[in-house]
Amino acid sequence: MVGGLKRKRSDLEEDEKWDWGPAGLRSYQQALLRISLDKVQRSLGPRAPSLRRHVLIQNTLQQLQAALCLAPAPALPPEPLFLGEEDFSLSATIGSILRELETSMDETETPQNPVAPVSPQNEVLPQPDPVFLEALSSQYLGDSGLDDFFLDIDTSTVEKEPALAAPEPPHSLFCAPGSWEWNELDHIMEIILGS
Amino acid sequence: MAGAGGGGCPAGGNDLQWCFSQVKGAIDEDVAEADIISTVEFNYSGDLLATGDKGGRVVIFQREQENKSRPHSRGEYNVYSTFQSHEPEFDYLKSLEIEEKINKIRWLPQQNAAHFLLSTNDDLRINLWHLEITDRSFNIVDIKPANMEELTEVITAAEFHPRQCNVFVYSSSKGTVRLCDMRSSALCDRHSKFFEEPEDPSSRSFFSEIISSISDVKFSHSGRYMMTRDYLSVKVWDLNMESRPVETHQVHEYLRSKLCSLYENDCIFDKFECCWNGSDSAIMTGSYNNFFRMFDRNTRRDVTLEASRENSKPRASLKPRKVCTGGKRKKDEISVDSLDFNKKILHTAWHPAENIIAVAATNNLYIFQDRIN
């Protein structure tokens with residue numbers, strides 16, 4: 001029944017290990033973003049599904065966008081932490097998403113773990129690229145493919161080098177203790193560890 | 001009024017023994033889209049039962065007179081009439097086939113002085129029809145924004161008040177209900193009452209709005225309450241209290257941890273309906289795996305039953321079903337991961353006076369009744 005998540009895992013290399021630090025959280029959010037963007041793309045066209053469904057997906061996408069914008073300053077401690085105690089590196093997410101999209105568009109092998117190569121604790125957090133964030137808005141998706149969109153974005157600042165900053169308690173929707181991720185990610189962890 | 005549906009008898013789902021009565025429809029493994037039932041409705045007396053399907057076909061069943069030679073079975077429902085509501089059309093300009101799906105059937109109330117009907121097939125408008133004027137309608141609610149890109153909310157259901165013919169409600173994709181009085185203004189863009197439950201911050205997620213979207217709204221027969229169905233629950237509202245529902249019944253709370261998957265496979269957008277029994281003491285709604293749920297408002301008990309061909313022996317009692325939500329699965333329980341999400345019961349109807357229910361399971365119509373004591 002957890003069909004979507006299982007399919008996602010099967011896309012990844014078999015011996016890959018999921019880490020439940022910020023990388024795992026980002027993967028989950030990326031999956032959600034990917035699913036939403038895919039739905040929006042598929043819903044454009046003459047035989048579009050219902051307006052209600054379209055509006056609900058649009059609103060969900062906007063929430064994702066807002067959450068990415070709200071992600072506070074970076075620097076994650078080097079040790080893997082419990083879910084929810086870490087912060088969320090916006091640049092790492094953007095970088096990961098871009099890398100993965102470029103990879104899938106080139107139709108090369110799927111990366112083992114889209115976020116594994118990133119050292120989350122060492123990222124600088126530049127301001128989120130407004131062009132990228134606008135890409136999340138479905139208004140654009142009808143006009144041009146995702147390809148055109150992301151290739152224009154300069155990712156050089158994202159794949160970056162170290163700067164440590166003091167850890168900050170998370171403010172975003174994602175990381176508040178007791179918020180939804182605990183339940184959802186706990187469940188995901190059960191599935192991964194149990195299988 | 002005689003019958004188990006009247007006052008004084010426990011008319012809830014749990015004090016009764018539900019038995020299989022009839023099933024209509026083909027047994028094919030591959031179900032054609034056109035044969036999927038999209039609406040089920042008893043008429044005001046319960047003698048007629050109408051179904052509509054996605055192919056535009058309407059079937060009316062009529063209840064047979066009581067059969068003295070078979071006193072244990074109430075009158076059966078047999079086909080009275082079948083007709084095609086409208087033929088599929090092709091829009092040559094857009095090269096689009098226009099769907100002929102029947103969205104809803106409403107029997108005309110026997111004693112409705114107003115003789116009006118609401119139509120809400122459009123997500124953005126509600127139109128009012130007079131029964132004697134069939135070539136035009138009067139628009140009473142219009143939420144279409146000037147710029148469609150600003151649209152963030154749509155109408156999901158609407159219903160007239162059963163006793164006050166000038167009052168109606170409509171629900172939205174954001175989990176709100178507006179009650180409007182047509183005497184206030186011609187265009188009911190201003191509501192008289194606004195029903196919304198405050199969000200619980202501890203359960204907030206990206207899916208909060210989607211699961212709060214109301215898929216059905218039904219007034220109680222008394223007109224004092226209304227019931228709303230969202231993805232995980234049914235809520236009963238007192239029309240005099242807008243701030244929160246007076247009752248919340250969980251339909252399948254075990255799905256809350258599966259919302260990501262349900263979002264991905266689109267099940268989260270399924271629109272379940274709900275219904276009251278004749279005395280308003282019980283409510284019923286559908287779920288997945290061909291399960292449907294009944295809630296007794298007096299005893300606060302609930303039961304899960306299944307519509308399946310395996311339990312289709314005449315007068316066979318329906319055995320309550322249970323979903324295992326964690327820990328060791330007991331015998332006869334079904335685990336959440338084993339549920340069939342393609343078998344969904346979206347449409348159910350309860351006889352207005354007796355304990356007879358009609359349950360639509362994809363292309364089959366099941367009729368159940370309580371065992372006569």
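# Exercises on chain B of a predicted model

Chain B exposes about 18200 Å², of which carbon and sulfur atoms supply 47%, where accessible areas come from the Shrake-Rupley method with a 1.4 Å probe and, for residues, only the protein chains shown count as cover. This is a predicted model, in which local features need pLDDT of at least 70 and side-chain atom pairs count only at pLDDT 80 or more, while totals for chains, interfaces and linings use all residues. Residues are numbered from 1 along each chain as its sequence is written, chains are lettered from A and ligands numbered from 1 in the order in which they are written, and side-chain values use heavy atoms, with hydrogens and water left out.

## Exercise 1: the chain as a whole

Determine how many helices and strands chain B has, and what percentage of its residues count as buried.

Solution. Chain B has two helices and 27 strands, taken as DSSP runs (H or I of at least four residues for helices, E of at least two for strands) numbered from the N terminus. Of its 373 residues, 52% count as buried, buried being under 20% relative accessible area, exposed over 50% and partly exposed in between, with a 1.4 Å probe and protein chains only.

## Exercise 2: cysteines

Find how many disulfides the whole structure holds, then examine Cys267(B) and Cys275(B).

Solution. Step one is the search over all chains, which finds zero disulfides, a disulfide being a pair of cysteine sulfur atoms within 2.5 Å. For Cys267(B), the nearest cysteine sulfur is that of Cys260(B), 13 Å away, and Cys267(B) itself counts as buried because its relative accessibility is 5%. For Cys275(B), the closest cysteine sulfur, in Cys274(B), is 7.3 Å away and therefore too far for a bond; Cys275(B) is likewise buried, at 7% relative accessibility.

## Exercise 3: the second largest pocket

Describe the volume and the lining of the second largest pocket.

Solution. The volume is about 700 Å³, meaning the space filled by probe spheres set on grid points that are joined across faces, edges and corners. A pocket is defined on a 1 Å grid over the protein atoms alone, as an open set of points where a 1.4 Å probe fits, with protein on both sides within 12 Å along at least five of seven lines, and lining residues have an atom within 4 Å of a point. There are 25 lining residues, and Glu199(B), Asp200(B), Ser208(B), Ser212(B) and Lys235(B) lie nearest the centre. Two or more residues come from each of helix H1 (208-212), strand S17 (233-238) and strand S18 (247-250) of chain B, and the largest share, four residues, is that of H1(B). By class, the lining holds five nonpolar, nine polar and eleven charged residues.

## Exercise 4: positive phi

Most residues other than glycine have a negative phi. State where Asp332(B) and Thr362(B) lie and how accessible each one is.

Solution. Asp332(B), with a positive phi of about 75°, sits in the loop between strands S23 (322-324) and S24 (333-335) of chain B, and its relative accessible area of 41% makes it partly exposed. Thr362(B), with a positive phi of about 60°, belongs to the loop between strands S26 (356-361) and S27 (364-370) of chain B, and counts as partly exposed at 25%.

## Exercise 5: Asn166(B)

Is Asn166(B) buried or exposed?

Solution. Its relative accessibility is 12%, so Asn166(B) counts as buried. It lies in the loop between strands S11 (155-160) and S12 (167-172) of chain B.

Notes. Nonpolar A, V, L, I, M, F, W, Y, C, P; charged D, E, K, R; others polar.
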